[in-house]
Amino acid sequence: MSPTDSVLQVRGLSKSFGANTVLRGIDLDVPRGKVVALIGPSGSGKTTILRSLNGLELPDAGSVTVGASGGTSTGVEPQRPSLTLDFDAKVSPKEVAALRDRSAMVFQHYNLFPHMTVLQNVIEGPVRVQKRPRAEVVAEADALLKRVGLFEKRDSYPFELSGGQQQRVGIVRALALKPQLLLFDEPTSALDPELVDDVLAVIKELADEGWTMVIVTHELAFARQTADEVVFMDGGVVVERGPASQVLRKPQEERTQQFIRRLLHEI
Amino acid sequence: MDFDLFWSSLGPLLLGAVKGTIPLALASFALGLLIALLVAVMRISTSKLANGVGRVYVSLIRGTPLLVQLFVIFYGLPAVGVKIDPWPSAIIAFSLNVGGYAAEVIRAAILSVPQGQWEAGHMIGMSRNQTLLRIILPQAARVSVPPLSNTFISLVKDTSLASLILVTEMFRVAQQVAAFSQEFMLLYLEAAMIYWVICLALSTAQTRVEKRLDRYVAH
């Protein structure tokens, strides 16, 4: 992989909350059009990495680089200059804004805006922040909502939707921002079991389409089908990483084996 | 009971309400809300200074009687060379007072909005102020309508205190007619009745606003 082909490069990311160290020098590379799944027990630091990639946490040390290349292999989203945030120095609000312009997040609890309709939720960022023409944004939003089967719900409020529908709106809201990098924070763990598949199907489709994504998940079967690489974390370090089939089927490290065994037993 | 006096004084009293009580309450409430919003934002800011100033302000307003605040501004300030007319004095005192109480209401309402809403606002690229205005405050508004209605209803009745600094509002009219006719019971009950009717109307308005803001939550 040539460095220019990399959408995301994370180097030496470290973060403590008080006396509690959650990240101890994490490296991560995501090539264009690839999907990386972060797995690991709760408290392993995987969500903190993801949040750092959207500036929702500011690491104490290390750097994050989002390359100039596109977030999909087809490159439909606007190209932005390469950006590096160096957390060893103080990062400015401007740099954080630039990072957020490049990455978009889908939250575990959807975090839709309850006082806005589905359509308003989707177009708020592109219209208010990115200042793009409203008519154009609405047309794109409608097309995205059709894709996930929620066009009829465009004028509904979030409380009128099921959890699975809300999460699909959450995904559309992220896509509408035309990011280079899509981040998913346990996108199905707040859902009733029968609603999980619809959401996973949408994410799988985006992966097949060539979006560059980082997904924190507990769904091992989904990770195996969707992710190109699986990264297993524990105690703030990467314990094992490799192709999805290898890490999930034939893990080398004992901690990985234990974790996967425990997760499979729960089912 | 002297019904002739009741009817003949009703006109002047209502005029006092329309030209005094109601505009005084409306102006003070509007200004008070602006002050409250500013103080609430100071109280949730990370700046220790802003936070401290906000805290002292709220403490002073809530810790001293409204009548004393009114007298300090109208009768006290001239001693240090600041002479303010009755109407502006009343509006300043009432809006500062509302500002202190409503600031705490608004602060609590802002804090009641889940942290995830701030994060979602930031995720789509909004600054802190944009998120506050577009995402947080509309949701905080819903929670703060009942307590802010209380504040407004109290304010309407508190405007009667302005009669003591020579503002011609409804209660001052009632006092004048009562002094002239010596019918104290009649005039003060009549004034009480008008306050009550105004507050009933406000309660109805409150219900409507609540219904409107509730349209986006599950029932």
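B:L166 counts as partly exposed in this predicted model, because it has 13 C-beta neighbours inside 10 Å. The residue sits in the loop between α6 and α7 of chain B. Its phi is positive, near 70°, although B:L166 is not a glycine. Most residues other than glycine have a negative phi. A:Y110 likewise has a positive phi outside glycine, near 60°. A:Y110 belongs to the loop between β6 and α3 (118-129) of chain A. A:Y110 is buried, because 24 other C-beta atoms lie within 10 Å, and the cut-off for a buried residue is 20. B:L166, with 13 C-beta neighbours, is partly exposed.

The loop that holds B:L166 leads from α6 to α7 of chain B. Helix α7(B) covers residues 170-181, 12 residues in total. From first C-alpha to last, α7(B) reaches 16 Å. That is close to the 16 Å expected at 1.5 Å a residue. The buried residues of α7(B) are B:M170, B:F171, B:R172, B:V173, B:A174 and B:V177. An arginine, B:R172, is thus listed among the buried residues of α7(B). These buried residues pack against two helices of chain B, α1 (3-44) and α8 (184-213). After α7(B) comes B:Q182, with a positive phi near 65°.

Chain B has eight helices and zero strands. Its pattern along the sequence is α-α-α-α-α-α-α-α. The C-alpha trace spans about 70 × 50 × 25 Å along its principal axes. Of the 219 residues of chain B, 36% count as buried. Contacts in chain B between residues at least 6 apart in sequence were also sorted by separation. Of these, 76% join residues at least 24 apart.

One buried position in chain B is B:A36, in helix α1. B:A36 counts as buried because it has 26 C-beta neighbours inside 10 Å. Beyond its neighbours within four places in sequence, B:A36 contacts B:V98, B:G99, B:A102, B:A103 and B:I106. B:P65 is 29 residues from B:A36 in sequence. In space, the two C-alpha atoms are 18 Å apart.

The contact between the chains takes 16 residues from chain B and 21 residues from chain A. On the chain B side, α5 (115-123) and α6 (128-158) each supply at least two residues. The largest share, six residues, comes from α5(B). By type, the chain B side divides into nine nonpolar, five polar and two charged residues.

Chain A contains an open sheet of six strands, in the order β6-β7-β8-β3-β9-β10. Its pairing is mixed. β6 (103-106) and β10 (237-243) of chain A are the edge strands, each pairing on one side only. From one strand to the next, the twist averages 20°. Helix α5 (residues 163-176) of chain A packs on the sheet and touches β6 and β7 (181-185) of chain A. The direction of α5(A) makes about 175° with that of β6(A).

Strands of a sheet pair through backbone hydrogen bonds, either parallel or antiparallel. Both arrangements can be followed in chain A. Strand β3 (residues 35-39) runs parallel to strand β9 (residues 229-234) of chain A, and four bridges join them. Within this pair, A:L38 has A:V231 in β9(A) as its bridge partner. Strand β1 (residues 6-17) runs antiparallel to strand β2 (residues 20-31) of chain A, and nine bridges join them. Here A:S16 is bridged to A:T21 in β2(A). The hairpin of β1(A) and β2(A) has two residues between the strands. A:G18 in this hairpin takes a positive phi near 60°.

Confidence was examined for chain B and for the complex. The mean pLDDT of chain B is 94, and 99% of its residues reach 70 or more. In chain B, confidence is lowest in α7(B), at a mean of 93. Confidence is highest in α5(B), at 97. Helix α5(B) also supplies the largest share of the chain B side that touches chain A. For the complex, the predictor gives an ipTM of 0.93 and a pTM of 0.89.

Definitions and conventions: Residues are numbered from 1 along each chain as its sequence is written. Chains are lettered from A and ligands numbered from 1 in the order in which they are written. This is a predicted model: local features need pLDDT of at least 70, side-chain atom pairs count only at pLDDT 80 or more; totals for chains, interfaces and linings use all residues. The expected span of a helix is 1.5 Å times one less than its number of residues. A residue is buried if 20 or more other C-beta atoms lie within 10 Å of its own, exposed if 12 or fewer, and partly exposed in between; C-beta atoms are placed from the backbone. Two residues are in contact if their C-beta atoms, placed from the backbone, lie within 7 Å. Ala, Val, Leu, Ile, Met, Phe, Trp, Tyr, Cys and Pro count as nonpolar, Asp, Glu, Lys and Arg as charged, and the others, Gly among them, as polar. Two strands pair if DSSP finds at least two bridges between them. Axes are lines fitted to C-alpha atoms, for helices over the stretch in contact, and angles run from 0 to 180 degrees between N-to-C directions. pLDDT is the predictor's confidence in each residue, from 0 to 100.
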